[in-house]
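Let's take a stroll through this one, going from charged pairs to the core. Have the sequence and the 3D view open as you read.

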Amino acid sequence: MQEMASPSSSSSGLAWDVQVEKELQGMQEVFKRLTGLIHWKCTQLQEQDQRLQQEKVRNSELQRNVSRPETDSKVVLDVGGTLFETTVKTLTSEPGSMLEAMFSGRFPVQKESDGTVFLDRDPTHFPVILNYLRDKALGRELRTFGDVDALRGRERLQLLREVAFYGLEGLRELLECPTLVVSQDRLFLQRLNDPVEDPAGGPIGSTAA
């Protein structure tokens, strides 16, 4: 004869089934909440991406609408209290320099109440820098530059410091290359920081005893 299941075992199996069903329902509820959270987060990311794209479009339009300065327009620079008049074409004649970046129209330039642009630098050697840029603006190929050839020692180093600040790579190369010095109808090479001496012997300008 077939054995009958005891009431205790039947109730235990029923309780187990109920427990499993409750756990499944709980897992389904958690999965539903996670799905909703993921959907909400994806919606947020999509909206953020749309805002970023719109901002990029607005920035592009603003950049296109930025007025480029006329290359022949006059600029008055106040360099350490000394005024210098020049043009945008001159100041932007060396690509990659600080002055080219300032006056290219890519960035706003802060002007003083009198319309000048103030540069807090030593004005001593700025005429040399400005003349170099003027020659560049005229399209001249510069292998040597008389304004710097005459400088020696400390003055030359001071000019190099200003050249580095303004980011004028072309002028820096001219300063660091050998230069020609004239003495007693002879031409000879002199490098940066070399003493100025005549090849025949003795410093230039010395007199024999």
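Which side chain does glutamate 85 meet in a salt bridge? The partner is lysine 74, at 3.7 Å from N to O. Keep in mind that this is a predicted model.

## The overall layout

The protein has seven helices and five strands, and along the sequence they run α-β-β-α-α-β-α-α-α-α-β-β. Of its 209 residues, 24% count as buried. About 15300 Å² is exposed, with carbon and sulfur atoms supplying 54% of that area.

How do the contacts spread along the chain? Take those between residues at least 6 apart in sequence: 50% of them join residues at least 24 apart.

## The S1-S2 hairpin

Back to that opening pair. Glutamate 85 sits in strand S2 and lysine 74 in strand S1, so their salt bridge ties together parts that are eleven residues apart in sequence. Both glutamate 85 and lysine 74 are exposed.

The two strands pair in the antiparallel sense, over six bridges. Leucine 77 stands opposite phenylalanine 84 of S2. Two residues lie between the strands of this hairpin, and glycine 80 takes a positive phi near 55° there.

## More charged pairs

The salt bridge count comes to six. One of them joins glutamate 94 and lysine 136, at 3.8 Å from N to O. Glutamate 94 is in the loop between H2 and H3, while lysine 136 is in helix H4, so this pair ties together parts 42 residues apart in sequence. Is glutamate 94 buried or exposed? Glutamate 94 has a relative accessible area of 5%, and under 20% means buried. Lysine 136, at 30%, is partly exposed.

Arginine 106 and glutamate 100 make another salt bridge, at 3.2 Å from N to O. Here too the acid is buried, glutamate 100 having a relative accessible area of 14%, whereas arginine 106 is partly exposed at 44%.

## The nonpolar core

Nonpolar side chains in soluble globular proteins tend to be buried together. In this model the largest nonpolar core holds 24 residues, and Leu77, Phe126, Ile129, Tyr166 and Leu171 touch the most other members. Elements that each give at least two residues to this core include strand S1 (74-79), strand S3 (117-119), helix H6 (153-166) and helix H7 (169-176). Helix H4 makes the largest contribution, with six residues.

For a closer look, pick isoleucine 129. Beyond its neighbours within four places in sequence, isoleucine 129 is in contact with Leu159, Glu162, Tyr166, Leu168 and Leu171.

How values were computed. Residues are numbered from 1 along each chain as its sequence is written. This is a predicted model: local features need pLDDT of at least 70, side-chain atom pairs count only at pLDDT 80 or more; totals for chains, interfaces and linings use all residues. Side-chain values use heavy atoms; hydrogens and water are left out. Helices (H or I, at least four residues) and strands (E, at least two) are DSSP runs, numbered from the N terminus. Buried means under 20% relative accessible area, exposed over 50%, partly exposed in between (1.4 Å probe, protein chains only). Contact means heavy atoms within 4.5 Å. Accessible areas come from the Shrake-Rupley method with a 1.4 Å probe; for residues, only the protein chains shown count as cover. A nonpolar core is a set of buried Ala, Val, Leu, Ile, Met, Phe, Trp, Tyr and Cys residues joined through side-chain atoms within 4.5 Å. Two strands pair if DSSP finds at least two bridges between them. A salt bridge is a side-chain nitrogen of Lys or Arg within 4 Å of a carboxyl oxygen of Asp or Glu.
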